[in-house]
Every structure is written in structure tokens, then in C-alpha cells.
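Me: I'm new to this structure and would like a close look at a single part of it. Could you walk me through how the helices pack together?

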Amino acid sequence: MDIIINADAPEPVYEQIVRQIQEGVLSGAIPAGTPLPPVRQLANDLVLNRNTVARAYKMLEDQGVILTAGRKGTFVGSD
């Protein structure tokens with residue numbers, strides 16, 4: 001999963017993460033059940049604050065796009 005952040009874009013960074021994961025799920029590039037990186041790892045990979053990634057994951061979870069299973073991890077939800 002490649003997420004590309006454009007810090008100069010008018011779209012907030014957390015919304016860029018949400019949009020790119022949503023697009024990946026809708027296109028089938030990220031199939032249901034696929035594990036997503038932990039918040040801390042993705043934040044480190046993208047050189048972002050953990051809270052930014054956590055906010056994006058929370059939005060995706062509220063929309064039913066992903067499921068968080070505690071210590072088991074975060075996964076793409078099924079339709």
C-alpha cells in the first residue's frame with residue numbers, strides 16, 4: 001500500500017490518507033481482510049504525527065471502511 005502525502009496540497013493530510021485508502025478499497029487494490037500498518041508504523045513511514053494517522057483511521061472506521069481489532073490490528077472491512 002503506497003500512500004503519497006502532498007504537504008502543499010489544500011487537502012488536509014489526514015483526508016489525503018482517508019481518500020487514498022478509500023480509493024484503494026473501492027478499486028480492489030486493497031482487498032477486504034487486508035491488514036493495514038499500525039498507526040505508529042504508518043506515521044513513521046510517512047513522517048507524520050501519530051495523531052494525524054489515528055484521525056484518518058478513526059474516520060475510516062466510522063465509515064465502515066476498516067475494522068480495528070485491538071492488538072490483532074486494523075483490517076480492511078468486508079462489504
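Reply: Here is a walk through the helix packing, one pair at a time. Keep in mind that this is a predicted model.

Let's start with helix α1, which covers residues 13-27, and helix α3, which covers residues 50-62. Their axes sit 8 Å apart and make an angle of about 45°. That angle falls outside the ranges for roughly parallel, perpendicular or antiparallel, so α1 and α3 count as oblique to each other. As for handedness, α1 crosses α3 in a right-handed way. On the α1 side, the residues touching are V13, Y14, I17, V18, I21 and Q22. They meet T52, V53, R55, A56, Y57, M59 and L60 of α3. Sorted by class, that contact comes out as ten nonpolar residues, two polar ones and one charged one.

Two of those residues deserve a second glance: R55 lies over the face of Y14, 3.8 Å from the ring centre. If you're hunting for aromatic pairs, though, a search of the whole structure turns up zero.

Now for helix α2, residues 39-46, which also packs against α3. Here the angle is about 120°, and the axes are 8 Å apart. This pair is therefore oblique too, and its crossing is right-handed. From α2 come V39, R40, L42 and A43, while α3 brings R50, V53, A54 and Y57. The class split for this contact is six nonpolar, no polar and two charged residues.

Put the two contacts side by side and you'll spot V53 and Y57 of α3 in the one with α1 and again in the one with α2.

Note on methods. Residues are numbered from 1 along each chain as its sequence is written. This is a predicted model: local features need pLDDT of at least 70, side-chain atom pairs count only at pLDDT 80 or more; totals for chains, interfaces and linings use all residues. Side-chain values use heavy atoms; hydrogens and water are left out. Axes are lines fitted to C-alpha atoms, for helices over the stretch in contact, and angles run from 0 to 180 degrees between N-to-C directions. Helices (H or I, at least four residues) and strands (E, at least two) are DSSP runs, numbered from the N terminus. Angles under 35 degrees count as roughly parallel, over 145 as roughly antiparallel, 65 to 115 as roughly perpendicular and the rest as oblique. A crossing is left-handed if the near helix is turned anticlockwise from the far one by less than a right angle, and right-handed if clockwise. Contact means heavy atoms within 4.5 Å. Ala, Val, Leu, Ile, Met, Phe, Trp, Tyr, Cys and Pro count as nonpolar, Asp, Glu, Lys and Arg as charged, and the others, Gly among them, as polar. Rings of Phe, Tyr and Trp (its six-membered ring) pair if their centres lie within 6.5 Å; planes under 30 degrees apart count as stacked, over 60 as edge-to-face and the rest as tilted. A charge sits over a ring if NZ of Lys or CZ of Arg is within 6 Å of the ring centre and within 35 degrees of the ring normal.
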